[in-house]
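Q: I would like a close look at one part of this model, the place where the chains meet, followed outward into the elements that carry it. Please take the sequence and the structure together.

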Amino acid sequence: MDFRFGEEHEFFRGAVRDAVERLIKPRAAEIDEKNEFPRDLWNEFAALGYLGLRHPERYGGMDADVPMSMIFYEELARGSCGFAMSVTMQILMGTYFIGRFGTEEIKQRVLVPAIKGEKIGTICFTEDQSGSDLAGTRTTAVPRDGGWVINGRKQWITNGPVCDFCTVLAQTDPSKGMDGLSFFLVEKGMEGFARGQELDKLGSRGSVTGELIFDDVFVPAENLLGDGPGGGIRLSTDILNEVRVMTALNACAIADEAMKDARGYALEREAFGKPIAGYQLIRAKFADHWAWHEAARLLAYKAAWMIQEGMNCQFECMMAKMFATEMCQKAVDEVTRIYGGNSFAMEYAPQRYFRDARFLLFGGGCHEVLRNAIGAAYLRAGKGRS
Amino acid sequence: MALKVAVLVRQVPDHEATVRVEGDGLEIEDRWVTSFFDEIAVEAAVSLVQGIPGAQIKAFSAGGRWAVEALRRAMAMGIDEVEQVADEALEGASGLPVARALCAALSRWRPDLVLCGKQAGDDDMGAVGPMVSALLGVPVVSGATSLAVDAAARKVRLTRGADGERWIVEAGLPLVVTAEKGLAEPRVPVVMRVMKAMRAPVPAVTPAELGVDPGPAGARRLRYLPPPSRPEVRMCESVDELACLLRQRGVLS
């Protein structure tokens, strides 16, 4: 057993942290306040090359392994939750199916500029009546003239208001339910593809989020991203595992940043003649956080290691996401108590951590659905898997 | 002859690392970064050689594990060739032994221009640059805020600040220059260079192989004292109470 990261991973972490400290952190409050996509920061960050993290070098990517990419996601979220969501959407879900199933021509047209940050991508799962329940997807794709015609509306699409292309989940065979779902590439400029309403969100602001509308959008046959019609959900298992662990590490980072701020505050802020850090009830908050944070992070990196090793880890990834994001809720809640009334003032950071933490609860599956799945698996087979 | 530029780098505790006085020493959180002024020197050197055809650039650091980290950072920022003067005892050592070790490595490579930070980010001694200059027997210009090299004429033109004044200095090569804020803005390394830096071997040579004994420091820190704690804050209920208190303390008569 050895729980240390290697020197290469530590060096990589230092480089990412440096980039985040210098480029993103100074902009975090402004991004949150404006709730606008920070195009200049996007261009500056894209020029560093991190957007190709998980893609092959021949397309301008880094071909990073899973633990290394998780290090990146953890450090990235220390800066701005909103900006992190835009970047991770581009790196993971926004380009995954294009990288895996796109023709060479599609990769050159879409993936290569996406890795450079010149084109912005996203993935479209959620609709007004479906999110965690993907079987409820009502967007359809019907074969016509050697291609497909897509109709539907997608909601809660990260990067949607600024996207140049998207991967859309649509039903190609309603009789098959979940197994009839497929992914399609839709690009800006295609007739019938439009952006709808943009959301004004509580947290994770700056990762602009909104509706995308598909009104008789014709896409050629090669824009079906998969082995053939249907089976899309099966193909998304791997990437969903990564997304869940990524979300877990985003949560670890936000909790850690919030607690670090609270530590500084507790050491400085005096009450009854001494810093509040000297009181046991305040110390208990740091003790609890340290333990929870350590546990969440270990679970997340263990899941990352299992993905890298090709092990079956669907439930470990769900547990990591669920536990770490719940840990983050507790942490940011305690931070607001340490700051007391000041946590309610917009000039202090805890209110932003508090709002951002809520966002992480929902992506990658709401916890009611995840708990149901984990519980059912436990009852079916018992733990004993690891 | 092509211009050869050497850059000296070292790691220091991150400015956010917690530092506590423990006994006669310091307990420092294990978070290290390349010294801020050394990063400026690296950036200045990388930018400089880009404009001079055939110019060579090499980074040097003396020490153990942290010297390797500093050299990897220099590689990530754009320097391909590096050399570690490997001696764990030089990690955290004071100026003179470090300068002797670096000087031995520099003498072997024979640079025209040596760049380093004007001071380390931890002890602020500002010693190594001038010491290297003295040991090499070449002039030093400290605290440079701009730098232009005419490689053909082997001349350097620099600016430096001095107590509100702005000096324009001309010097010949070889020369040691220490970098001040403003000389260059250190870049955020692109990821491909980060990946290259973290995988590249870091060539090492020991002081013994260079035929040098870094020797004693000649000066040592006796002990550290924590900063004085903040005096007690007392809230007064009224102006009269405050005035009374100030009279008691002899502040008001």
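How many salt bridges does the rule find across the interface of chain A and chain B? Please begin there, and then describe what lies behind that surface.

A: The model is a predicted one, and across the interface of chain A and chain B the rule finds 3 salt bridges. One pairing of charged side chains between the two chains is that of Arg22(A) with Glu39(B), which meet in a salt bridge at 3.7 Å from N to O. With both residues required to be at pLDDT 80 or more, 4 residue pairs are in polar contact between chain A and chain B. On the side of chain A that touches chain B, helix H1 (7–24) and helix H9 (237–268) of chain A each supply at least two residues, and H1(A) gives the largest share, 10 residues. By residue class, that side of chain A divides into 10 nonpolar, 2 polar and 8 charged residues.

In extent, the interface brings 20 residues of chain A into contact with 21 residues of chain B. About 1800 Å² is buried between the two chains, and 57% of this area is on carbon and sulfur atoms. Phe11(A), Arg22(A) and Leu48(A) supply 34% of the area that chain A buries against chain B, more than any other three residues. Arg22(A) therefore appears twice in this account, as one of those three residues and as the chain A partner of Glu39(B) in the salt bridge, a pair that meets the rule because its 3.7 Å is within the cut-off of 4 Å.

Behind the interface, helix H9 of chain A can be followed through several of its residues. Asn241(A) is found in this helix and is buried, with a relative accessible area of 7%. Apart from its neighbours within four places in sequence, Asn241(A) is in contact with Ile307(A), Cys313(A), Gln314(A) and Cys317(A).

Glu242(A) is also buried, with a relative accessible area of 7%, whereas its partner Arg54(A), at 26% relative accessibility, counts as partly exposed. The side chains of Glu242(A) and Arg54(A) meet in a salt bridge of 2.7 Å, N to O. Because Glu242(A) lies in helix H9 of chain A and Arg54(A) in the loop between H3 and helix H4 (66–76) of chain A, this pair ties together parts that are 188 residues apart in sequence.

Further along the chain, Glu257(A) forms a salt bridge with Arg78(A), the closest N and O atoms being 2.9 Å apart. Glu257(A) lies in helix H9 of chain A and Arg78(A) in the loop between H4 and helix H5 (81–91) of chain A, so parts 179 residues apart in sequence are tied together by the pair. Glu257(A) is buried at a relative accessible area of 4%, and Arg78(A), at 8% relative accessibility, counts as buried as well. Both belong to a network in which salt bridges that share partners join Arg13(A), Arg17(A), Glu21(A), Lys25(A), Glu74(A), Glu75(A), Arg78(A), Asp256(A), Glu257(A), Lys260(A) and Arg297(A).

The structure holds 48 salt bridges over all chains, and one of them joins Asp40(A) to Arg27(A), with the closest N and O atoms 3.2 Å apart. Asp40(A) lies in helix H3 (residues 39–46) of chain A and Arg27(A) in the loop between H1 and helix H2 (28–34) of chain A, so the pair ties together parts that are 13 residues apart in sequence. Here Asp40(A) counts as partly exposed at 47% relative accessibility, while Arg27(A), at 17%, counts as buried.

Turning to the other partner, chain B has 6 helices and 13 strands. Its C-alpha trace spans about 80 × 40 × 40 Å along its principal axes, and buried residues make up 45% of its 253 residues. An open sheet of 9 strands in chain B, with mixed pairing, has the order E11-E10-E9-E12-E8-E1-E6-E7-E13. Its edge strands are strand E11 (165–172) and strand E13 (204–205) of chain B, each of which pairs on one side only. Within this chain, strand E9 (residues 140–150) and strand E12 (residues 175–179) run parallel and are joined by 3 bridges, and Ala144(B) stands opposite Ala179(B) in E12(B).

Definitions and conventions:
Residues are numbered from 1 along each chain as its sequence is written. Chains are lettered from A and ligands numbered from 1 in the order in which they are written. This is a predicted model: local features need pLDDT of at least 70, side-chain atom pairs count only at pLDDT 80 or more; totals for chains, interfaces and linings use all residues. Side-chain values use heavy atoms; hydrogens and water are left out. Contact means heavy atoms within 4.5 Å. Buried area is the accessible area (1.4 Å probe) that two parts lose on being put together, summed over both. A polar contact is a pair of N or O atoms within 3.5 Å; within protein, one must be able to donate a hydrogen and the other to accept it, and residues adjacent in sequence count only if both atoms are side-chain atoms. Helices (H or I, at least four residues) and strands (E, at least two) are DSSP runs, numbered from the N terminus. Ala, Val, Leu, Ile, Met, Phe, Trp, Tyr, Cys and Pro count as nonpolar, Asp, Glu, Lys and Arg as charged, and the others, Gly among them, as polar. Buried means under 20% relative accessible area, exposed over 50%, partly exposed in between (1.4 Å probe, protein chains only). Two strands pair if DSSP finds at least two bridges between them.
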